[in-house]
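Please read the following account beside the sequence and the coordinates, moving from the pockets to the overall fold and then to individual side chains.

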Amino acid sequence: MSATDPPAAPAAPASPSSPASPSSPAHPRFAAALGELGLAELVGEVRRFPEATRTAREAADAIGCELSQICKSLIFAADGVPVLVLMDGASRVDPERVRWELCAAKVTRAKADVVRQTTGYAIGGVPPFGHVTKTRVLADRSLLDHDVVWAAAGTPYAVFPMAPGDLIHHANGTLVDVRESAE
């Protein structure tokens, strides 16, 4: 730089609502949702794995946590209307309990195209919030058994940690008991 060159403009500070940088392991839509929720600092806590973590078992093994510390984000159809169910990784959702909670006539697992259309993400990478549509959210109480749970960050390769109460709050979830009972 010569004496006649103008001084460089200072770099603009990062905005908490800015989407993740291209090198962020989080899906850009999910990173933007974190910023909109005032949770931009979580982008730095997203962990990316070289192998997919599409299943709860794969995610728990990659992270090194208990299977029940994984928060699964599952889309069901209640009388044809998508609903998100947040469930711990060691448990299965009982569709009959979901049906009862929603006063629905019929509850089924949503097909892959409905999941992507509703959330904007592929199965195996659906986060608990940051979806393209607003969906009713049911969160199973089993998630509260841990101080921290891990959920998908918008891709099958990325996860993030969060206190379950905070995760349920940011997902606008209703606490319910929809876990399949062991018989």
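## Pockets, fold and side-chain pairs

The lining of the largest pocket is made up of 19 nonpolar, 7 polar and 5 charged residues, in what is a predicted model. These belong to a set of 31 lining residues, and the ones that lie nearest the centre of the pocket are R54, K72, S73, L74 and R109. The space in this largest pocket comes to about 530 Å³. Strand β2 (70-78) gives the largest share of the lining, with 7 residues, while α2 (56-63), β2, β6 (149-152) and β7 are the elements listed as supplying at least two residues each.

The second largest pocket has a volume of about 210 Å³. It is lined by 13 residues, of which F129, G130, T133, A171 and N172 are the closest to its centre. The lining of this second largest pocket divides into 6 nonpolar, 6 polar and 1 charged residue.

To place these pockets in the fold, consider next the order of the secondary structure. The protein chain contains 5 helices and 8 strands, which appear along the sequence in the pattern α-β-α-β-β-α-β-α-β-β-β-α-β. Of its 183 residues, 46% count as buried, and among contacts between residues at least 6 apart in sequence, 61% join residues that are at least 24 apart.

Helix α1, which covers residues 28-36, offers a local view of this burial, since F30, A31, A32, A33, L34 and G35 are buried there. The buried residues of α1 pack against β7 (158-162), and β7 is also one of the elements that supply at least two residues to the lining of the largest pocket. After the helix comes G38, whose phi is positive, near 75 degrees.

What does Q69 touch, once residues up to four places away in sequence are set aside? Q69 lies in the loop between α2 and β2, and its contacts beyond that range are with H146, V148, V149 and W150. With a relative accessibility of 17%, Q69 counts as buried because the cut-off for that class is under 20%.

The charged side chains can be followed in a similar way. A search of the whole structure finds 6 salt bridges, and three pairs among them are described here, beginning with the one formed by R57 and D61, where the closest N and O atoms are 3.1 Å apart. Both residues belong to helix α2, and because they are 4 residues apart they are separated by about one helical turn. In general, an α-helix has 3.6 residues a turn, so residues three or four places apart point the same way. R57 is partly exposed at 44% relative accessibility, whereas D61, with a relative accessible area of 53%, is exposed.

The next pair reaches across the sequence, for the side chains of R92 and E180 meet in a salt bridge with an N to O distance of 3.5 Å. R92 is found in the loop between β3 (81-88) and α3 (95-102) and E180 in the segment after β8 (173-176), so this pair ties together parts that are 88 residues apart in sequence. R92 is exposed, at a relative accessible area of 57%, and E180 is partly exposed, at 38% relative accessibility.

A further salt bridge joins the side chains of D140 and R179, at 3.9 Å from N to O. Because D140 lies in strand β5 (residues 136-140) and R179 in the segment after β8, the parts tied together by this pair are 39 residues apart in sequence. Is D140 buried or exposed? At 1% relative accessibility D140 counts as buried, while its partner R179, at 35% relative accessibility, counts as partly exposed.

The cysteines complete the picture. The structure holds 0 disulfides. C71 is buried, with a relative accessible area of 4%, whereas C103 counts as exposed at 72% relative accessibility.

How values were computed:
Residues numbered from 1 in each chain as written. Predicted model: local features only at pLDDT ≥ 70, side-chain atom pairs only at ≥ 80, totals over all residues. Heavy atoms only, no water. Buried < 20%, exposed > 50% of the residue type's maximum accessible area, 1.4 Å probe, protein only. Contact = heavy atoms within 4.5 Å. 1 Å grid on protein atoms, 1.4 Å probe; cavity = no way out; pocket = protein on both sides within 12 Å on 5 of 7 lines; lining within 4 Å. Points joined across faces, edges and corners; volume = space filled by probe spheres on them. Nonpolar A, V, L, I, M, F, W, Y, C, P; charged D, E, K, R; others polar. Salt bridge = Lys/Arg side-chain N within 4 Å of Asp/Glu carboxyl O. Disulfide = S-S within 2.5 Å.
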